Amino acid sequence: MATPNRLSPASQAANKVFTRVDLDGHALPPSPAPSSPLSGRKRYALATELVYTESKDQYGASSIPIYQSATFKQTSSNGGNEYDYTRSGNPTRTHLERHLAKIMNANRALAVGSGMGALDVITRILKPGDEVVTGDDLYGGTHRLLTYLKNNQGVVVHHVDTTNADSVTKVISDKTAMVLLETPTNPLIKIVDIPSIAKATHEANSKALVVVDNTMLSPMLLNPLDIGADIVYESGTKYLSGHHDIMAGVIACNDPGLGDKMYFTINATGCGLSPNDSFLLMRGVKTLAIRMEKQQANAQQIAEFLESHGFRVRYPGLKSHPQYDLHWSMARGAGAVLSFETGDVAVSERIVEAARLWGISVSFGCVNSLISMPCRMSHASIDAKTRQERQMPEDLIRLCVGIEDAGDLIDDLSRALVQAGAVTVTLDGFHAQAPDANSETASA
Ligand SMILES: Cc1ncc(COP(=O)(O)O)c(C=O)c1O
Ligand SMILES: N[C@@H](CCSC[C@H](N)C(=O)O)C(=O)O
């Protein structure tokens, strides 16, 4: 009689006992994800689901323990344990992934070591000759990875204006394997119509995958899988963890085959999130609703403050945002990242350096507020010529708003604006110095 196959997924892979293979002929492990993370029960409001977990811990621990172990003992040489090796799977990471699948409205979620790690896993689906259609305003690291794939892996990358669905559909062909979208874009806060682009992409090429980077909003404000995306990923370094104490990336999808394929890459390359970081990410996720609520309320006040003083502010919470209606047709909030221009690089530099409460730092989505100049910092990996072609203003200041007292944040920013000479103080208040700081082209 044949011995029952009780090997863990990784051991099965090593022993080539799979009957299922992916599109490239790679052996696939059985999907460990439940078909429905809710298991048929009532769905609560998102703020509740973020906190509520159905932990299967043997002692009923209310916080999932950190299984800080590389290996797991088996009951026989045939295996016998659900886990064998942490690269292939770890109970703390599985708990997190099931929780993430639930809040991302996905059949499967996967946790890896960073947001860029997540995009690396996703883009390993691509083959030489495949084409990617993506935006002309993207996080710098995303641009860098796509450029690497273009220069070294034979992938063709089209950067188009994704605020215009027609620009995307125009370049879709039977070679298009992926359409990669970011909304709001980082750092120009442009809004991308996910449902229209997803529909047009799938109609033009049913095999093309629509991938959405949801880092700027998090599942608290947007679920791209519900509006046409095939894969969503985000940097867990930002809102999901919320304290800038870990690097993490998450990927989610509904197609089990795609989920298995990406799990294969994670196991094969060893980029799964560590048990300790899985624990910290799980802890962060529980406070996402309350952090986001406060961060957004602060961001709204700050955006209105800057706009009322004559600055050209890019924030989807402002009615002046040229794609305000589109944003609110998809999302449940505006997020807490905004950018504004001063009209003068030296003035912007002085503002950033005069701020005290606002830390000069890359990243966003964290409890403490940050200020940065994207062209020199988060987006410095995009060369100056490309930045210029894409009309990325060198004087752009990006504010990533935290949970501090809004009055303190505004006071500190006002002081920095005055100290930097960015505003003229008059009897009725102060006003942006730069003549064109409030010019109309906010969609540029
Ligand atoms: C929009 C966006 N996507 C992805 C990433 C990559 O995330 P990570 O830094 O966790 O690799 C970042 C920032 O780094 C980002 O801003
Ligand atoms: N030196 C880093 C910069 C990371 S930027 C992080 C974040 N996405 C942001 O937009 O601030 C790099 O080169 O990747």
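Which residues point one way from strand 7, and which the other way? I should like to open with that question, and I note at once that we are looking at a predicted model. Gly249, Ile251 and Cys253 point to one side of strand 7, while Val250 and Ala252 point to the other. All of these residues are buried. Put in terms of the element, strand 7 spans residues 249–253 and is mostly covered, with 5 of its 5 residues buried.

Let me turn to the partners of this strand. Strand 1, residues 108–112, pairs with strand 7 in the antiparallel sense, over 5 bridges. Within that pairing, Val112 stands opposite Gly249. Strand 6, residues 231–235, likewise pairs with strand 7 in the antiparallel sense, and 5 bridges join them. Here Ile231 has Cys253 as its bridge partner. Gly249 and Cys253 thus appear again, both among the residues that point the one way from strand 7.

Next, the loop between strand 6 and strand 7. Lys238 lies in this loop. The UniProt record, an unreviewed entry, annotates Lys238 as "modified residue: N6-(pyridoxal phosphate)lysine". Is Lys238 buried or exposed? Lys238 counts as buried, because it has 23 C-beta neighbours inside 10 Å, and the cut-off for a buried residue is 20 or more. If we set aside its neighbours within four places in sequence, the contacts of Lys238 are Thr215, Ser363, Phe364 and Gly365.

I now come to ligand 1. There are 15 residues around this ligand, and those that come nearest are Ser114, Gly115, Tyr139, Ser235 and Thr237. Two elements give two or more residues to the shell, namely helix 4, residues 115–123, and helix 5, residues 140–152. What is the make-up of the shell by class? The shell around ligand 1 has 9 polar, 4 nonpolar and 2 charged residues.

Helix 5 leads me to the last part of the model, strands 2 and 3. Strand 2, residues 131–135, runs parallel to strand 3, residues 156–160, and 5 bridges join the two. From strand 2 the chain passes through helix 5 to strand 3, in a β-α-β crossover that is right-handed. As one example of the facing positions, Gly135 of this pair stands opposite Val160 in strand 3.

To close, I return to the opening strand. Strand 7 pairs in the antiparallel sense with strand 1 and with strand 6, and 5 of its 5 residues are buried. Thank you for your attention.

Definitions and conventions: Residues numbered from 1 in each chain as written. Chains lettered and ligands numbered in written order. Predicted model: local features only at pLDDT ≥ 70, side-chain atom pairs only at ≥ 80, totals over all residues. Near = placed C-beta within 6 Å. Helix = DSSP H or I, 4+ residues; strand = E, 2+ residues; numbered from the N terminus. Nonpolar A, V, L, I, M, F, W, Y, C, P; charged D, E, K, R; others polar. Pairing = 2+ DSSP bridges. Right-handed = clockwise from strand over helix to strand, strands pointing away. Buried ≥ 20, exposed ≤ 12 C-beta atoms within 10 Å, placed from the backbone. UniProt positions renumbered as here; feature names shortened; annotations may be inferred. Contact = placed C-beta atoms within 7 Å.
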